[in-house]
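Hi,

Here is the structure I promised to pass on to you. Have a look at it first, then read my notes below.

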Amino acid sequence: MCGIVGYVGPSQAPTILMDGLKRLEYRGYDSAGIAVHDGNRINMLKAKGKLINLAEKLKENPVKGTLGIGHTRWATHGAPSDINSHPQLSGDSVIAVVHNGIIENYLDIKEELSQKGYKFVSETDTETVAHLIDFYYKSGMGFFESVFKTLERIEGAYALGILCKDYPDTLIAARKNCPLVVGKGQGENFIASDIPAILHHTRDVYFLDDNEIAVIKADSIKIYDRNQNEVQRDIYNVKWDIDAAEKGGYEHFMIKEINEQPKIIQDLVERRMPEGRDTIDMSGIKLRKENIQNLSRIYIVACGTAYHAGLIGKSLIEKLTRIPVIADVASEFRYRDPVLDEKTLLIVVSQSGETADTLEALKMAKRSGARVMAVVNAVGSSIAREADDVFYILAGPEISVASTKAFTAQVVAMELIALSMAQELGKFSTEQFNKIKEEIYSVPSSISKILQKSSVEKALAEKYSGSSNVFFIGRGLDYIVSMEGSLKLKEIAYLHSEAYAAGELKHGPIAMIDENTLVIAVLTQEELFEKTLSNIKEVKARGAKVLAVAMEGKSEFKGEVDDVIYIPRSSWMTAPILAAVPAQLFAYYVAYCLGTDIDQPRNLAKSVTVE
Ligand code: F6R
């Protein structure tokens, strides 16, 4: 999605802005721009395409100044083009605006301003904001008041960075339903839509709340609420290091993040289930036995990969607690009038904590009196702040658009939540708990073993990268891993792929199977092994190539398949985590063979802050 960076201080803003935008590239974008105040006027440079195009323009037409805003745009209103890129200026360059999000009522405002003589040059909703601020400013209001008045008028979602020609020392930032942080430096301050953009300058950030405005100068940051009252906000000190947001010798962020999984899961498990403890540390969660006993249903709601983690959570919670659980994608959940009341728990799962549909589902549930628990990676994100209970997975910044480390950490989190709930309900003994604990403790070393043998997935990817049609099949938890494997292959290798519950093949999709089809069969669930095997035989009989993912020691079916990827032996609960890793590696290496843009796949953005 779009990225914002802003700077005010003693240094040259263009260098800081370009560097910040570079660090936001991973979010996905199709054009970029900067606006810099040189003390007298605002100068702007914009370019369609990658940042290198903007850098070249900057080289040809250097701009100077110590106050500025920059933006990477992922087109929503109007095609990617120089004109539609941000910043957007008011007609005579008095106001410059960068914007993430969508202004829903921009057409009404555009119409109103057009009648007042304002000329629009772009197709963007953002230009309306620049003109509206300009309108109030020219009617005699101050810069701050004009922004305030504008925010009262606009509807939708926004993170904004705003400059005014007559205020060469002031940067204004505002947010509603879109992430924005203000970074506090020494004699210099920053804004960013994402922490990595400014982390090499400062670790001290303020998270803005919805409807807040920050007025930022080199030596001061003032935050105001919607009633223009100044609010005091604690500084959050970012704990993770900038190295976490660098490639660290790996060719892509995706493969780096795949390799980080053992450490992340080890840290998560040791934090939540320290040695010697026979309960789970549920810090951040205030849900107790009486709340759980009182629940009539649980919903788990998320998007994409996080939804797949939620589906695994559904199976585990239902199985261990016997409370009915419904998992749904957030964009559907919001609009299907679900039954929500005080006896409902909504669990939302989100890496970024900013996904628009997930956030709205959360708000809807809260309005209906339901309790909301969030499983989130990004500390201080909107979802984390809105939820009643937060379970942080603390996987560090995930830069690759394709989610990997967040997924496996989310699944571990769902397991711990399921276990803790079951324990609160007295569903199993300390002995049983300790056995499960031991199994979960073995996950990091099992993943390391899979990673050490990644040449297997690499060779198989080379063998199968020419496939034009891939089916993933599995049953139960293996079906969910199949969904995740299929999504990874689609999004980074652009290979047509579908995931099917193995038992559903006969109800239609088997018609698609022929000798050009690759079927990837996941068979880690012991009691479903024979059933999936019979489905393998069916596709094999129709000429498909079959690649199986199974546990070590399972060799009796080898005659039925073309290739097998083995994962270390593990329990039914932990096998999905392990089986996800070969699926990630396979997708990565297929994409590698096909030469796609692995970390920034086409048409995709890292966090989806629009519906
Ligand atoms: C796929 C992927 C997406 C995200 C989805 C939700 O690899 O990354 O499907 O999982 O957009 O994002 P979050 O978890 O940030 O809510």
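What follows is a short tour of what turned up, one spot at a time.

Before you start, keep in mind that this is a predicted model.

**The ligand**

Let's begin with the ligand, which has 13 residues around it. Ser350, Gln351, Ser352, Thr355 and Glu491 are the closest of them. Glutamate 491 puts a polar side-chain atom 2.4 Å from an oxygen atom of the ligand. Threonine 305 and alanine 306 take part through their backbones instead: a backbone N or O atom of threonine 305 is 3.1 Å from a ligand oxygen, and for alanine 306 the distance from such an atom to a ligand oxygen is 3.5 Å.

**Lysine 554 and its ring**

Next, find lysine 554. You'll see it in the loop that runs between strand 24 (545-551) and strand 25 (563-567). Is lysine 554 buried or exposed? It counts as buried, because its relative accessibility is 11% and the cut-off for buried is under 20%. Leaving out residues up to four places away in sequence, lysine 554 touches Glu526, Phe529, Tyr566 and Arg569. With phenylalanine 529 there is something extra to look at: lysine 554 lies over the face of that ring, 4.1 Å from the ring centre.

You can find a charge over a ring elsewhere too. Arginine 272 lies over the face of phenylalanine 391, and here the distance to the ring centre is 3.9 Å.

**Aromatic rings**

Searching the whole structure gives 12 aromatic pairs. If you'd like a cluster to zoom in on, try the one formed by Tyr137, Phe143 and Tyr167.

**Cysteines**

How many disulfides are there? The count is zero. Take cysteine 178 as an example: the closest cysteine sulfur belongs to cysteine 2 and is 8.3 Å away from its own sulfur, so the two are too far apart for a bond, given that a disulfide needs the sulfur atoms within 2.5 Å. Cysteine 178 is also buried, with 1% relative accessibility. Cysteine 164 is buried as well, at 0%.

**One last residue**

Finally, look at valine 456, which is in helix 16 (residues 455-464). Valine 456 has a relative accessible area of 34%, so it is partly exposed. Valine 401 is 55 residues from valine 456 in sequence, and their C-alpha atoms are 24 Å apart in space.

Happy exploring!

Methods. Residues are numbered from 1 along each chain as its sequence is written. This is a predicted model: local features need pLDDT of at least 70, side-chain atom pairs count only at pLDDT 80 or more; totals for chains, interfaces and linings use all residues. Side-chain values use heavy atoms; hydrogens and water are left out. Buried means under 20% relative accessible area, exposed over 50%, partly exposed in between (1.4 Å probe, protein chains only). Rings of Phe, Tyr and Trp (its six-membered ring) pair if their centres lie within 6.5 Å; planes under 30 degrees apart count as stacked, over 60 as edge-to-face and the rest as tilted. A charge sits over a ring if NZ of Lys or CZ of Arg is within 6 Å of the ring centre and within 35 degrees of the ring normal. Helices (H or I, at least four residues) and strands (E, at least two) are DSSP runs, numbered from the N terminus. Contact means heavy atoms within 4.5 Å. A residue is near a molecule or strand if one of its heavy atoms lies within 4 Å of it. A polar contact is a pair of N or O atoms within 3.5 Å; within protein, one must be able to donate a hydrogen and the other to accept it, and residues adjacent in sequence count only if both atoms are side-chain atoms.
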